[in-house]
Structure formats: structure tokens, C-alpha cells
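Please open the structure in a viewer and keep the selection panel at hand. The stops below are meant to be followed in order.

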Amino acid sequence: MTSTTARRLPRPLSMIGWSAVIALGTFALAAIALNRGESIDAMWFIVAAVCVYALGYRFYSAFLAAKVLALDPTRATPSERFSDGRDFMPTNRWIVFGHHFAAIAGPGPLIGPTLAAQFGYLPGTLWILIGAVLGGCVQDFVALFCSIRRDGRSLGQMARDELGPIGGAVALIGVMAIMIILIAVLGLVVVNAMRNSPWATSTVAATIPIAVLIGLFMRHLRPGRVLEGTAIGVVLLLAAVFGGGWIDDHPTLRSWFDYDAPALALMVMLYGFAAAVLPVWLLLAPRDYLSTFMKIGTIVALAIAIVILNPQVQMPALTQFIDGTGPIFGGNVFPFVFITIACGAISGFHSLIASGTTPKLLANERDARFIGYGAMAMESFVAVMAMVAACVLEPGVYFAINSPAGVVGAQAADAVATISSWGYPVTVERMETLASEMGETTLFARTGGAPSLAVGMASIFSSAFGNTLLSVWYHFAIMFEALFILTTVDAGTRVARFMLQDLLGNVVPALGRTSWYPSVLICSALVVAGWGYFLYFGTIDPLGGINSLWPLFGIANQMLAAIALCVATTVLVKSGRARFAWVTGLPLVWLVTVTSVAAWEKLFSPDLRVGFLSHANDLAAQLASGSMTDAAAAQAPRLIFNDRLDAALTLFFLVTVWVLIVETVRICHAALSGRRCPPLAETPHVPTRLVEAER
Amino acid sequence: MIATLRRVWACLRELTGDDAYERYLAHWRLQHAAKGGVPLDRAAFVREEQQRKWEGVRRCC
């Protein structure tokens with residue numbers, strides 16, 4: 001992995017080895033891209049991905065480390081200079097890698113590829129691989145590097161230092177906005193997975209008391225014994241999965257956990273509020289331990305299962321939906337595949353982690369390559385596995401699970417007829433058998449990606465580890481997704497609350513006191529109301545909510561990536577490395593193009609399923625002409641308002657990105673032509689005194 | 001073999017933060033013991049640490 005291991009081999013041998021990797025990778029990619037048969041081995045995806053990451057890491061990241069960033073191992077890192085035994089602490093690179101990976105990898109890389117599979121496996125897979133190696137990994141690496149050279153400062157602070165107050169303000173507002181949209185859409189994914197499913201709902205509900213129990217255990221009985229607490233928690237979680245099956249079979253008990261989507265949305269909001277105002281040790285921290293453990297465990301198990309089992313990918317390379325008529329979300333393959341898959345290819349959110357806790361732990365600047373570039377390659381690999389898990393389903397089944405009732409019809413017979421007419425045969429019996437195997441009443445229109453991923457994972461797991469207990473595997477997968485989605489909901493609400501308190505504190509100083517309880521309650525309620533609004537309206541939207549919310553999330557996340565890349569490009573230009581500015585500049589240009597085109601289409605496309613405004617106008621026209629049913633007419637004004645709100649938000653994102661781009665160009669131009677601009681905020685070189693013991 | 005297992009265990013503890021208090025004590029002895037005073041006890045350390053840990057962005061999407 002490291003340059004030292006490469007050097008151990010004699011040069012010719014190393015060259016032969018890497019040539020073999022290039023040949024194998026090319027062959028695997030060709031097999032994936034050119035396959036026009038019925039199905040293809042999942043192994044090719046794994047081989048192609050591993051080769052691409054290995055080459056990207058070995059050559060491109062080495063170039064970045066040596067030439068572009070000029071990592072300096074003799075320079076003391078913030079962890080050494082400010083060592084306080086807590087925040088700042090020189091830490092073994094593998095441990096930092098583990099922390100960093102656990103922090104960046106959330107539900108995003110699992111959901112995005114699942115949704116993007118509607119275009120066929122090829123566009124998504126290529127974007128995940130290329131986007132990660134040339135974009136996402138670079139962004140994480142450079143953001144981490146910039147933060148290390150600036151005492152571990154956050155992205156917002158760096159934007160302010162390097163780009164001036166406008167850049168700083170844009171970054172802060174961008175982070176708030178993405179947080180709100182992110183939580184809403186993730187909440188919707190969980191709600192859709194639990195909708196009218198007593199088994200899923202009771203299992204997910206059980207994770208709350210389990211977390212509280214572990215919280216109490218680690219607070220009062222065995223303070224700080226993380227491993228003991230986690231072990232007990234995992235056992236209890238598994239018991240909850242089995243217990244859910246028992247509740248599902250019980251005629252009275254099951255009715256206690258049987259809710260429709262709007263009711264579940266309200267419960268998730270209540271939960272999010274509670275999690276944001278309760279002390280962290282009681283709910284948030286123990287839930288995070290459990291979720292991290294389950295996350296790593298499940299990802300490893302999935303990788304092993306795919307490698308052992310080598311399932312057949314049944315989805316075609318390309319579907320007819322690349323023309324924008326797809327049922328899961330509307331829009332052409334360009335730009336929407338690049339918006340739908342953010343996490344796994346390039347995710348702006350990572351720059352917050354790479355400029356948050358991680359830079360305060362790095363013992364040596366040289367490790368930034370392994371941690372920044374390497375961890376993102378690993379997350380990208382998770383996205384490839386999610387793509388495989390979605391594509392091993394028969395395409396008919398995949399579309400039946402993921403298409404909203406508003407598109408394919410609410411009745412099972414209508415849905416299968418529509419989907420079969422697209423050339424993806426599926427029958428009502430097939431769906432009913434599958435649903436009963438998974439322990440669900442129905443799998444039609446379970447939008448959001450979680451249920452179809454769970455069906456894919458359940459099929460892979462059950463054939464790898466014994467062909468029984470499909471329903472238990474399915475609900476295990478649902479529980480695992482819900483567990484870390486809810487962790488993001490908790491943690492995100494809390495962070496957004498702090499930001500809001502910070503922001504409002506400028507106007508009303510009392511609200512800025514993070515420990516003043518009325519302020520905690522007010523600001524938490526405001527944040528929950530913000531994402532809760534989008535979540536609730538997502539659940540009553542006939543097109544399923546995901547159709548409008550997921551692209552908004554993608555645009556917001558890519559916008560954050562654009563902010564990080566703006567800062568990085570400015571830093572490169574100001575530090576006299578303008579000839580390498582393309583390293584971050586090209587991904588930036590690409591992202592801005594993709595985000596702007598997507599935002600433009602979401603605003604002004606005449607296609608009702610793409611353009612927010614045309615959809616709103618269409619509803620308004622129908623309402624005015626009186627052609628709607630009473631129920632639809634009652635709902636229409638809210639949907640119209642919602643569309644216009646989504647449009648306003650999209651416009652806001654678009655304007656924000658362009659303001660920042662203009663600022664970046666202005667500052668870079670000033671720096672290059674020797675005019676006045678904010679100076680490079682890099683801290684001066686201090687030699688390291690750490691002896692490298694563990695290398 | 002035993003040595004390897006021991007290392008894996010130590011690594012797991014560090015990765016999960018199970019040994020955070022031990023590491024804090026080691027740091028305290030090295031950096032602060034000379035100035036006198038007493039280090040935090042385990043429960044107090046865990047209390048303070050958890051609260052502090054969740055003030056910023058810790059988890060991503």
C-alpha cells in the first residue's frame with residue numbers, strides 16, 4: 001500500500017506487478033462495459049474497482065503527495081504541537097484511518113447507487129470509480145492537507161481565511177442547508193422502510209431503549225467500557241431482529257407497530273427532537289457505538305459474501321431510462337447520475353470531517369495520503385457493493401420495489417403490467433412470494449432504496465450463509481440501515497442546532513449560549529421543524545418524495561464539495577502551485593457544471609417529473625380547471641407550495657455556488673497578478689520531534 | 001500468536017476508544033503531573049469526554 005512497500009520490490013518486479021494490475025483492471029472494466037449478455041459475474045465489479053483504486057492510490061495520490069501538495073514528514077502536525085491528550089493527539093495511522101472511515105461512511109453510499117441503478121449498472125459504476133479516484137479522494141486528501149497546515153481549522157474557518165468573509169458566510173449557510181435536506185431525505189428512507197411493517201418498525205423502535213440501556217451501562221455501571229457496552233448492545237440488537245418477527249406474528253402486538261408513512265414521519269421528528277435535547281451519553285453516544293460497529297461488520301460481511309458467492313448481476317448495463325423517463329426519479333443520465341450518486345464518488349460532507357476531528361489526530365503529515373485518499377477509496381468500494389446488491393435483483397423486482405405508486409399505479413396488477421411493459425417482466429405472484437419470504441405484507445412502492453438494498457443483501461447473505469432465514473436477514477439489513485440513518489439524524493440535528501445557536505446568537509445573545517436550556521429547546525425545535533417539514537411532505541407526495549428530495553440532497557452535497565474545492569484551489573494558487581491547480585480545478589469545473597445543469601433542469605424543465613415549477617404550474621392548472629378528485633384537490637395547494645419551496649431552495653444553492661466561484665476566480669486572479677488578497681493562512685514550519693516508533 | 005492477539009486486542013481497544021481513559025492518564029502523567037494536582041477519575045473523564053466529543057460534526061452521510 002505505501003510507497004515503502006513498493007520500494008522493497010526491485011524496480012523491474014514492481015513494474016511487472018503494476019502492469020499486471022493495469023491489464024487486469026482494463027480487462028475487468030471492459031468486461032463490465034461491453035457485456036450485453038443476460039447477466040454478468042459480480043466478481044468483475046470487485047476486480048475492476050480494486051484495480052482502479054490500487055492504481056489511483058499508487059500513482060495519482062503519490063503524485064499529489066510528492067509534487068502537488070509536497071507533504072513534508074519533518075513538519076510537526078497540529079496533533080503534536082497542541083497535544084492535549086484529547087482533541088489533539090498523535091495517533092497511529094491505522095487507528096486514524098479507522099476513525100476517519102467510520103466518520104465519513106454513512107448511509108449515502110448505500111442509497112445513491114441503489115437509486116441510480118435505474119439507468120443500468122454502467123453509468124453509476126463508472127461514475128463511482130472515476131469520480132472517486134479523480135474527484136472525491138482528491139477532495140478529501142486536499143481538504144485534510146489544508147486543515148493540517150492550518151492548525152486543524154474547519155472548512156468554514158478556512159473559507160473565511162482564504163476567500164474572505166463572503167466565502168466564509170456561504171460555507172456556513174451551505175452546511176446548514178445540506179444538513180436540513182440530508183436529514184429530511186434520510187428520515188424519508190427510514191420511514192419508507194418501516195411503513196406498515198410491524199417487524200421493521202418494532203425492531204427499529206427497539207434500538208432506542210437498547211441504546212438508552214447501553215448509555216446507562218456505560219455511564220453508571222462501567223464508565224467508558226465501550227467494548228463491553230457495544231458487545232451487550234449488539235446481542236440485544238440481534239435479539240430485537242428476532243423479536244420483531246415474533247411481534248409480527250402476534251395478532252394484537254403487531255397492530256401496535258403498524259403505521260402509515262405520515263404517522264411514522266411525526267414519530268421520527270419527535271425522536272429527532274428528543275435526541276437533540278437529551279444528554280448525549282443517554283442516546284446519541286451509545287447509539288453511535290452500536291451503529292459504527294454494525295456498519296463496519298455488515299460492510300465486511302457483504303464484501304465477503306459477494307466475493308465467496310459471486311452473484312450474477314441481472315440488471316442490463318444501460319436501461320432505456322437514460323432518456324430521463326425513469327420511474328424512480330425523473331431526469332436524464334446526464335446530469336442526474338452525478339447528482340444521485342454523491343457519496344461514494346465525491347461527497348462534500350467529507351470535507352467537514354477531513355477538516356474536523358481527523359487533522360487533529362494525524363501524527364505525521366505524510367499520513368494524510370493514506371487517510372484522506374485511502375479512506376475515500378474504501379467508501380467508494382462500499383458504493384460499488386451497493387450497486388452490485390441492487391443489480392443482483394431481477395430488474396422487474398428492482399423496479400417494482402423502487403417505483404412510487406404515483407408512477408406505476410397503486411394496484412399490484414397495474415404496477416406489474418407497467419413494469420413488464422418496459423421489458424422487465426415481473427408478476428404479482430413473484431412479488432407476493434418475495435414479500436412473504438421477507439416477512440413483509442407487500443414490497444411494492446417501497447421507495448428510498450433501503451428495502452431494495454435489504455432484499456439484495458438478504459438474498460446474498462442467505463445464499464452465502466445458508467439458504468434459510470431470508471426474512472431475518474431482510475430485517476437485519478433494515479435494522480442496520482435504520483440504525484445508522486437515525487444516528488445521522490441525531491448527530492445532524494445536534495450539529496445544526498449548534499450552528500443555528502451560533503447564528504442566532506449574533507442577533508439575540510442569549511440564544512447563542514449553547515447550554516441555556518430554553519435556547520436548546522427553541523433551536524432544536526426550529527431545526528427539527530426545518531427537516532420535519534420536508535420529511536412530512538415527502539411522505540404524502542404521490543411521486544414518493546424521494547423523487548424531489550434526493551436530487552436536492554445531491555445538489556446540496558455537491559455544492560459543499562464545490563466549496564471545499566474552491567478553498568483547495570485558492571490555496572494551491574496562493575501557495576505558488578498554480579500549475580497544479582487543475583488537480584482540484586478540474587473536479588470543481590465538472591461539479592459546478594453538473595450541479596448547475598441539474599439545478600437548472602430541476603427549476604425550469606418542462607418535464608413534470610423533473611421541473612419543480614412546471615409541476616407546480618401543472619397542479620395549479622388542474623386545480624383551476626376542476627379536473628381533480630376532491631382528495632387530490634385538498635392536497636394540491638400544499639404540494640404546489642412545496643414545489644415552489646423546493647424551487648426556491650434549488651435557486652438558492654445555484655446562486656450560492658456561483659457567488660463562491662466568482663469569489664474564487666477573483667481571489668485567484670488577484671493572487672496571480674500580484675494584487676491584494678487575503679494572505680495564505682498556512683502556519684509556519686515547526687520541525688517534528690516525534691520519533692516514529694510504529695512505522 | 002499470543003503476542004499477535006494481544007496487539008489486535010490493543011488495536012481494537014484504541015480504535016473503539018475503550019482505552020481512552022488509560023491514554024488520558026498516560027498523557028496526564030507525562031505532561032501535567034509535574035504541576036501537581038490529581039487527574040480526573042474514570043467516571044468524570046468519561047462524562048466530560050462524551051459531552052465534548054459531540055459538539056462538532058462527527059458523522060457524515
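Begin by colouring chain A by pLDDT: this is a predicted model, and the mean pLDDT of chain A is 91, with 98% of its residues at 70 or more. Next, select helix 7 of chain A, which has the highest mean pLDDT among the elements of that chain, 97. The lowest, 52, belongs to helix 1 (residues 3-8) of chain A. Residues 1-6 of chain A remain under 50 throughout, and the model has 4 contacts for them beyond four places in sequence.

**The nonpolar cores**

Now select A:Ile181, A:Val388, A:Ala400, A:Ala562, A:Ile563 and A:Val567. Within the largest nonpolar core, which holds 241 residues, these touch the most other members. Which helix gives the most to this core? Helix 25 (residues 546-574) of chain A does, with 20 residues. Apart from this core lies another, of 5 residues, which includes A:Phe612, A:Leu619, A:Leu639 and A:Ala647.

Two residues illustrate the surroundings of helix 25. Centre the view on A:Ala562: leaving aside residues up to four places away in sequence, A:Ala562 touches A:Leu588, A:Leu591, A:Val592, A:Thr595, A:Val657 and A:Leu660. Then move to A:Ala564, also in helix 25 of chain A. Is A:Ala564 buried or exposed? A:Ala564 is buried, because 30 other C-beta atoms lie within 10 Å. With the same sequence neighbours left aside, A:Ala564 touches A:Gln139, A:Ala143, A:Leu155, A:Gly348 and A:Ser351. To draw a line across the model, join the C-alpha atoms of A:Ala564 and A:Pro78, which are 20 Å apart in space and 486 residues apart in sequence.

**A covered helix**

Select helix 15 (residues 333-340) of chain A, where 7 of the 8 residues are buried. The buried residues are A:Val333, A:Pro335, A:Phe336, A:Val337, A:Phe338, A:Ile339 and A:Thr340. To see what covers them, add helix 6 (108-116), helix 7 (121-148), helix 25 and helix 26 (582-604) of chain A, which are included in that cover.

**A helix crossing**

Show helix 18 (residues 395-402) and helix 22 (residues 450-464) of chain A. Their axes come within 8 Å and cross at roughly 145°, and the crossing is right-handed. Where they meet, A:Tyr398, A:Ile401 and A:Asn402 of helix 18 face the contact with A:Pro451, A:Ser452 and A:Val455 of helix 22. This contact has 4 nonpolar, 2 polar and no charged residues.

**A partly exposed residue**

Select A:Phe242, found in helix 11 (residues 226-249) of chain A. A:Phe242 counts as partly exposed because 13 C-beta neighbours lie inside 10 Å. Add A:Ala159 as well: the C-alpha atoms of A:Phe242 and A:Ala159 are separated by 49 Å, with the two positions 83 residues apart along the chain counted as their spacing.

**The meeting of the chains**

Finally, display chain B together with chain A. How many residues of chain B are in contact with chain A? There are 26, and they contact 35 residues of chain A. On the side of chain B that touches chain A, helix 1 (2-16), helix 2 (20-31) and helix 3 (42-53) of chain B each supply at least two residues. Colour that side by class to find 11 nonpolar, 6 polar and 9 charged residues.

Terms used:
Residues numbered from 1 in each chain as written. Chains lettered and ligands numbered in written order. Predicted model: local features only at pLDDT ≥ 70, side-chain atom pairs only at ≥ 80, totals over all residues. Core = buried A, V, L, I, M, F, W, Y, C linked by C-beta atoms within 7 Å. Buried ≥ 20, exposed ≤ 12 C-beta atoms within 10 Å, placed from the backbone. Helix = DSSP H or I, 4+ residues; strand = E, 2+ residues; numbered from the N terminus. Contact = placed C-beta atoms within 7 Å. Axes fitted to C-alpha atoms, helices over the stretch in contact; angles between N-to-C directions. Left-handed = near helix turned anticlockwise from the far one by under 90°. Nonpolar A, V, L, I, M, F, W, Y, C, P; charged D, E, K, R; others polar. pLDDT = per-residue confidence, 0-100.
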